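Please look over the sequence and the model below. The report covers the ligand site, one sheet and some backbone details.

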Amino acid sequence: MSIATLGRTSPVIRSGHVQLSIILRESEKSTLQTQIFDQIRTMILNGQLRGDDPLPTTRELSVQLGVSRNTAVLAYERLIAEGYIRTKPYVGTFVSPDLPDTAFLSAGETTATPPPMQVTDGSGAGEEAPHLRTHRLADPNRRRLAADFWVGRPDARTFPMKAWSQHIKARLKSAGSKLTSYSDPAGLLELRQAIAKHLAPARGVVCDPEQIIIVGGCQDGFNLVGRLLVHPGSTAVVESPCYQGAAFVLESLGAKLHPVPIDRDGLDVTQLPHVNGAVAYVTPSHQYPVGVTMSLQRRIELLSWATQYDAYIMEDDYDSDFRFVGSPLTALKGLDRNERVIYLGTFSKCMGPGLRLGYVVAPRRLVESFRRMKMLMNNGQSWLEQAAMADFMASGEFGRHLRRIRQLYRERRDALLGALHKHFGECEVYGEQAGMHLVWKLPEGFPSAEEVEAKGLAAGVGVCSLATGSALRFDKNDGADRLLMLGFVALSEKEIEDGIARLAGALKG
Ligand SMILES: Cc1ncc(COP(=O)(O)O)c(C=O)c1O
């Protein structure tokens, strides 16, 4: 173990030089860059470092810690990307001044409330059943299109078929009674262990495997959470616009939807309702549909709101395996000291939705309720797919698969940005830094997104207005009728270039 301990436990500032107490361990699973990031972040969240406190330069830090300059630079870049620190040109690097005091809440400062109602108990009896609205799944007719920029669908050509069939076959050989008996409704322990191991470095979510419930994709997770925490008349905060799949589940359970607008920094937390016991559904890493990332300040304020109003936050981290700029952002759950966040992840995007596999990371006090509810819903997920997925992850193939497709999808995103630029000039684009789709704000003088979609379809090119892309709008004047969603991961670079050329031809025509 090589330990580089510098200064004392709090930052020491000497004649303009700052030393941070950072301990690096080579034996740690996380990289040196991640260890530096984590420790500085913790100092900020604990209040050891305050707004505007100076930090060492990357050169000083690399010398102090005995790491390469690049390692220090990458750690700082990630802290800057997540809003913890900022640089002032020619002056230095400082802790971000904008972090609210609530950033410094210590763990345990929580309103320890018992789990809200377990099931709807008939108190809504007599109320009119909510109209059952459902989200849009991919339209099979679009298979005939020359190029379909449908959102959220992975490329069938990238599915790791060979490895997957080997794992399935191997598991079948030794299945014993696994296929003929029930098992833990919370899911296969090996898979939950593999997910916990993946989430810590990939998403900054540190949890025990016992906190993880395997579900049939996020959609099943929305139902699981909703059935426990929502009852007729309760408040469900949703982003405006938001993902239909989640909003309609909450609505079907009788929740009153409370839309909160989003802007470039994500959810406008000043418009959160002042009511107790709400559930808030959010997509902080890559807002669906618009693609913006929630700022650190807003994340902290959202967590603080949840603590104050005894609310739970449903964090849908659906496509966060793909981040093309800098290191992966820490999930909201990674900041959650008071266990107000229920984290939802899915294998639908990085593997395929046909697997119907996802996971919920539950706050400790809700774990047993979730396990029981999952049992009531469907006794848990299929054993075979869980076992194959556990093996695929444990063997290291999942990590390699992710790295491979992340690179491929980055190239496709670049091809899309390049093609838009070539045919339409400077384009105002959102959400291109991560995920599987980006959003193009159509310029003045263009038809609306719905009209562009219709013209595209007539020319054999599929693009999505928000409604087609399963997004729910609450405000007709939100400007979103000018937003066009373009999924880029299921098409080759050539298909992307041809598709955008065709769309340009159709619009000019
Ligand atoms: C925002 C969002 N969340 C979650 C999902 C994934 O759903 P599932 O995991 O149920 O396949 C989707 C699918 O398109 C989505 O767009």
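How do the residues of the shell around the ligand divide into nonpolar, polar and charged? Five are nonpolar, four are polar and three are charged. Keep in mind that this is a predicted model.

**Ligand site**

Start with the residues themselves. Gly217, Cys218 and Gln219 surround the ligand together with Tyr243, Tyr281, Tyr288, Asp316, Tyr318, Thr346, Ser348, Lys349 and Arg356. Helix 6, residues 217-229, gives the largest share of this shell, with three residues. The ligand sits in the second largest pocket.

Three polar contacts involve oxygen atoms of the ligand, as tabulated here.

| Residue | Protein atom | Ligand atom | Distance |
|---|---|---|---|
| Gln219 | backbone N or O | oxygen | 2.9 Å |
| Lys349 | side-chain N or O | oxygen | 2.8 Å |
| Arg356 | side-chain N or O | oxygen | 2.8 Å |

How much of the ligand does the protein bury? Taken alone, the ligand exposes 400 Å². The protein buries 89% of that area.

**A sheet of three strands**

Next, the sheet. Three strands make up an open, antiparallel sheet in the order 3-5-4. Its edges are strand 3 (54-55) and strand 4 (85-88). Each edge strand pairs on one side only.

Which residues of strand 4 and strand 3 face strand 5? Arg86 stands opposite Phe94 of strand 5. Lys88 stands opposite Gly92 of strand 5. On the strand 3 side, Pro54 stands opposite Phe94. Phe94 therefore has a partner in this list from each pairing, Arg86 and Pro54.The bridges can be counted too. Strand 4 and strand 5 (residues 92-95) run antiparallel and are joined by four bridges. Strand 3 and strand 5 also run antiparallel, with two bridges between them.

Strand 4 and strand 5 form a hairpin. Three residues lie between the two strands. In the turn, Tyr90 has a positive phi of about 70 degrees.

**Backbone details in loops**

Where are the cis peptide bonds described here? One runs from Ser240 to Pro241, with omega near 0 degrees. Pro241 lies in the loop between strand 8 (235-240) and strand 9 (242-243). Another joins Tyr288 and Pro289, with omega of about 15 degrees. Pro289 is found in the loop between strand 12 (279-282) and helix 8 (296-308). Tyr288 is also one of the residues that surround the ligand.

Which residue has a positive phi of about 55 degrees although it is not a glycine? That is Glu339. Glu339 is placed in the loop between strand 13 (312-316) and strand 14 (341-346).

Technical notes:
Residues are numbered from 1 along each chain as its sequence is written. This is a predicted model: local features need pLDDT of at least 70, side-chain atom pairs count only at pLDDT 80 or more; totals for chains, interfaces and linings use all residues. Side-chain values use heavy atoms; hydrogens and water are left out. A residue is near a molecule or strand if one of its heavy atoms lies within 4 Å of it. A polar contact is a pair of N or O atoms within 3.5 Å; within protein, one must be able to donate a hydrogen and the other to accept it, and residues adjacent in sequence count only if both atoms are side-chain atoms. Accessible areas come from the Shrake-Rupley method with a 1.4 Å probe; for residues, only the protein chains shown count as cover. On a 1 Å grid over the protein atoms alone, a cavity is a set of points where a 1.4 Å probe fits but cannot get out, and a pocket is an open set with protein on both sides within 12 Å along at least five of seven lines; lining residues have an atom within 4 Å of a point. A molecule sits in a cavity or pocket if more than half of its atoms lie within 2 Å of its grid points. Ala, Val, Leu, Ile, Met, Phe, Trp, Tyr, Cys and Pro count as nonpolar, Asp, Glu, Lys and Arg as charged, and the others, Gly among them, as polar. Two strands pair if DSSP finds at least two bridges between them.
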